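Please open the model in your viewer and keep the sequence panel beside it. This tour suggests what to select at each stop and then says what is there.

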Amino acid sequence: PNTLWKLFVCNAPSIFRAIWAIVKPIIDPETAAKVNICGGPASAKAAMMAAGIPEDALPAWVGGKFEESGAMYDLIERMI
């Protein structure tokens, strides 16, 4: 079953975009339409808000107001 609502990929390297261009025609068009590759935090915020995600639910690193905390957030912060 198709359970993906939306997927936002932010700050993806150009190799990811190249691979996505190859893979996208192979996967289901409905699923491919749910994937949004955003250049940086500003474009990610704009895409997420256009999709109906409120600013209060967006992470602070894209300019939203949701403050993350916990071990997973610390891991993500080290990766960014």
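Helices and strands are taken here as DSSP runs, with at least four residues for a helix and at least two for a strand, and they are numbered from the N terminus. By that reading Cys38 belongs to strand β2, which covers residues 35-38. Please keep in mind throughout that this is a predicted model.

**The whole chain**

Begin with the protein chain in a cartoon view, where four helices and two strands can be picked out, and follow them along the sequence in the pattern β-α-α-β-α-α. The C-alpha atoms fill a box of roughly 35 × 25 × 25 Å when it is taken along the principal axes. If you switch to a surface view, the chain exposes about 5,500 Å², of which carbon and sulfur atoms supply 64%. Of the 80 residues, 22% count as buried. Among contacts between residues at least 6 apart in sequence, 48% join residues at least 24 apart.

**Cys38 and its surroundings**

Now select Cys38, and ask whether this residue is buried or exposed. Cys38 is buried, with a relative accessible area of 4%. Show the residues that Cys38 touches, leaving aside those up to four places away in sequence, and you will find Phe8, Val9, Cys10, Asn11, Ala12, Arg17, Ser43, Ala44 and Ala47. Met49, by comparison, stands 11 residues from Cys38 in sequence and 13 Å from it in space, C-alpha to C-alpha.

Since Cys10 is among the residues touched by Cys38, it is natural to ask how many disulfides there are. With a disulfide taken as a pair of cysteine sulfur atoms within 2.5 Å, the count comes to zero. Cys10 is in no disulfide, the nearest cysteine sulfur being that of Cys38 at 6.1 Å. Seen from the other side, Cys38 has its closest cysteine sulfur in Cys10, and the 6.1 Å between them is too far for a bond.

**The nonpolar core**

Next, select Phe8, Cys10, Cys38, Ala44, Met48, Ile53, Leu58 and Val62 together, since these eight residues make up the largest nonpolar core. Strand β1 (7-10) and helix α3 each supply at least two residues of this core. In soluble globular proteins, nonpolar side chains tend to be buried together. Within this core, stop at Leu58, which touches Lys45, Met48, Met49, Ile53, Gly64, Lys65 and Phe66 when residues up to four places away in sequence are not counted.

**The salt bridge**

Lys45, one of the residues touched by Leu58, leads to the next selection. The structure holds one salt bridge, which Lys45 forms with Glu55, their closest N and O atoms being 3.0 Å apart. Lys45 lies in helix α3 (residues 41-50) and Glu55 in the loop between α3 and α4 (71-79), so the pair ties together parts that are 10 residues apart in sequence. Lys45 is partly exposed, with a relative accessible area of 22%, and Glu55 also counts as partly exposed, at 25%.

**A nonpolar patch on the surface**

For the last stop, return to the surface view and select Ile15, Phe16, Ile19, Ile22 and Val23, which form a nonpolar patch with about 460 Å² of accessible area together. Ile15 sits in helix α1, which covers residues 14-23, and this residue is exposed, with a relative accessible area of 55%.

Note on methods:
Residues numbered from 1 in each chain as written. Predicted model: local features only at pLDDT ≥ 70, side-chain atom pairs only at ≥ 80, totals over all residues. Heavy atoms only, no water. Patch = residues over 30% accessible without salt bridge, like charges linked within 9 Å, V, L, I, M, F, W, Y side chains within 5 Å. Areas by Shrake-Rupley, 256 points an atom, 1.4 Å probe, with all protein chains shown as cover. Salt bridge = Lys/Arg side-chain N within 4 Å of Asp/Glu carboxyl O. Buried < 20%, exposed > 50% of the residue type's maximum accessible area, 1.4 Å probe, protein only. Contact = heavy atoms within 4.5 Å. Core = buried A, V, L, I, M, F, W, Y, C linked by side-chain atoms within 4.5 Å.
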